[in-house]
Amino acid sequence: MTGKRAVVTGGASGIGRATALRFVEEGADVLVGDVDEAGGRALAEESNGRIGFRHTDVTDAGAIEALMQQAHDAGGLDIVFNNAGAGGAPEPIDDIAPDEWDRTMALLLRSVALGIRYAAPLMAKRGGGAIVNTSSVSALGTGYAPTAYSTAKAGVLHLTRLAAANLAKDNIRVNAVVPGFITTNIFTRHLEVAESTRVQANAMIAHAAADAQPIRRAGRSEDIAAAVAFLASEDASFVTGTHILVDGGLTIGTRASWDPAAPSLLTALDAFK
């Protein structure tokens, strides 16, 4: 990625932070957009000038446009990672408030659409580029995350395919990464709890995830960053309109599909032989 300039939204922590650092490692200069001023500025200071920071609320269309324009004005825009997000409204569909539904969609789906919208014309001026969007295993099935979050992430997957088709004329590739259970603060960040409590909650999530998937460890932000770096690089120059699933095998099937000790329909039928 030497000579490339990238934008990462939600880059002050978690997957975004790990990806920004991976992009720098691969040779890119990075502009991070986030509402976390402290985290964003700390990351910029640690990077020896390779990472810049701009306060960016991705529910604000003007803020997204300004972020992309700043990267372009600094030398061009080649890569965008639309990653910013949070857990969103936790209520089930029969209890969710309309404004909470709208707020979740604005944060997780509309922001991705506008990130593509404002990046694409600037990339076209450079002769092309690569866009990667963050979806989720919750886009592929039920029970992984709240309804509003899951619906938005499913929208991100389909938007990725549509945008790839729309932007192929400009040599812009669009793909998505689909994380499984990753040890970040995405579902605890919005809670009014102490940092120690968040750490404890993440440890519980990590333990549960490691016990629920074939690869018996918690997913790390760096696992996702590696997949994003591939999709954004020239190694993926023939890849567009698709996604990479990075979930430790979580979505392979029920536990019985990978754990011989787990009860299954087949073992139940054996009892009648």
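How much space lies in the largest cavity of this structure? The answer is about 50 Å³, and the sections below set that cavity within the rest of the chain. The structure is a predicted model.

## Overall composition

The chain contains eight helices and seven strands. Of its 273 residues, 46% are buried. Contacts across the sequence can also be described: among those between residues at least 6 apart in sequence, 69% join residues at least 24 apart.

One pair illustrates how sequence separation and spatial separation can be compared. A165 and G241 are 76 residues apart in sequence, and their C-alpha atoms are 7.1 Å apart in space. A165 belongs to helix α5, which covers residues 147–167. Is A165 buried or exposed? Its relative accessible area is 59%, and because exposed means over 50%, A165 counts as exposed.

## The largest cavity

The count of cavities of 30 Å³ or more comes to one. The lining of the largest cavity is formed by T9, V58, I64, M68, N82, N83, A84, S111 and G115. Two helices, α3 (61–73) and α4 (98–125), each supply at least two residues of this lining.

By class, the lining of the largest cavity comprises four nonpolar residues, five polar residues and no charged residues. In general terms, empty space of this kind is revealed by rolling a probe the size of a water molecule over the atoms.

## The second largest pocket

The second largest pocket holds about 260 Å³ of space. It is lined by 15 residues, of which K4, G128, G129, A130 and E234 are the closest to its centre.

Which classes of residue make up the lining of the second largest pocket? Four of the residues are nonpolar, six are polar and five are charged.

## Helices α1 and α7

Helix α1 has twelve residues, which at 1.5 Å a residue should span 16 Å. Its end C-alpha atoms are 17 Å apart, in agreement with that expectation. The buried residues of α1 are I15, G16, A18, T19, A20, F23 and V24. Just after α1, G27 takes a positive phi of about 110°.

Helix α7 (residues 221–232) also has twelve residues and an expected span of 16 Å, and its end C-alpha atoms are 16 Å apart, which agrees. Within α7, the residues S221, I224, A225, A227, V228, A229, L231 and A232 are buried. Which elements cover the buried residues of α7? The cover includes the helix α1 (14–25) and the strands β4 (79–82), β5 (129–134), β6 (172–179) and β7 (243–246). A general point helps in reading such lists: an α-helix has 3.6 residues a turn, so residues three or four places apart point the same way.

## Salt bridges

How many salt bridges does a search of the whole structure find? It finds nine. The general principle is that side chains of opposite charge can pair when their charged atoms come close.

Three of these pairs are described here, beginning with D170 and K169, whose side chains meet at an N to O distance of 3.3 Å. D170 is partly exposed at 25% relative accessibility, whereas K169 is exposed at 66%. In a second pair, D223 and R217 have their closest N and O atoms 2.9 Å apart. D223 is partly exposed, with a relative accessible area of 22%, and R217 is partly exposed at 33%. A third salt bridge joins R255 and D259, with the closest N and O atoms 2.8 Å apart. R255 is partly exposed at 33%. D259 has a relative accessible area of 17%, and because buried means under 20%, D259 counts as buried.

## Positive phi in two loops

Two asparagine residues deserve separate mention. N48 has a positive phi of about 55° although it is not a glycine. N48 is found in the loop between α2 (37–46) and β3 (51–55), and N48 is exposed at 73% relative accessibility.

N171, likewise not a glycine, has a positive phi of about 60°. Where does N171 lie? N171 lies in the loop between α5 and β6, and its relative accessible area of 52% makes N171 exposed.

Note on methods:
Residues numbered from 1 in each chain as written. Predicted model: local features only at pLDDT ≥ 70, side-chain atom pairs only at ≥ 80, totals over all residues. Heavy atoms only, no water. Salt bridge = Lys/Arg side-chain N within 4 Å of Asp/Glu carboxyl O. Buried < 20%, exposed > 50% of the residue type's maximum accessible area, 1.4 Å probe, protein only. 1 Å grid on protein atoms, 1.4 Å probe; cavity = no way out; pocket = protein on both sides within 12 Å on 5 of 7 lines; lining within 4 Å. Points joined across faces, edges and corners; volume = space filled by probe spheres on them. Nonpolar A, V, L, I, M, F, W, Y, C, P; charged D, E, K, R; others polar. Helix = DSSP H or I, 4+ residues; strand = E, 2+ residues; numbered from the N terminus. Expected span 1.5 Å × (residues − 1). Contact = heavy atoms within 4.5 Å.
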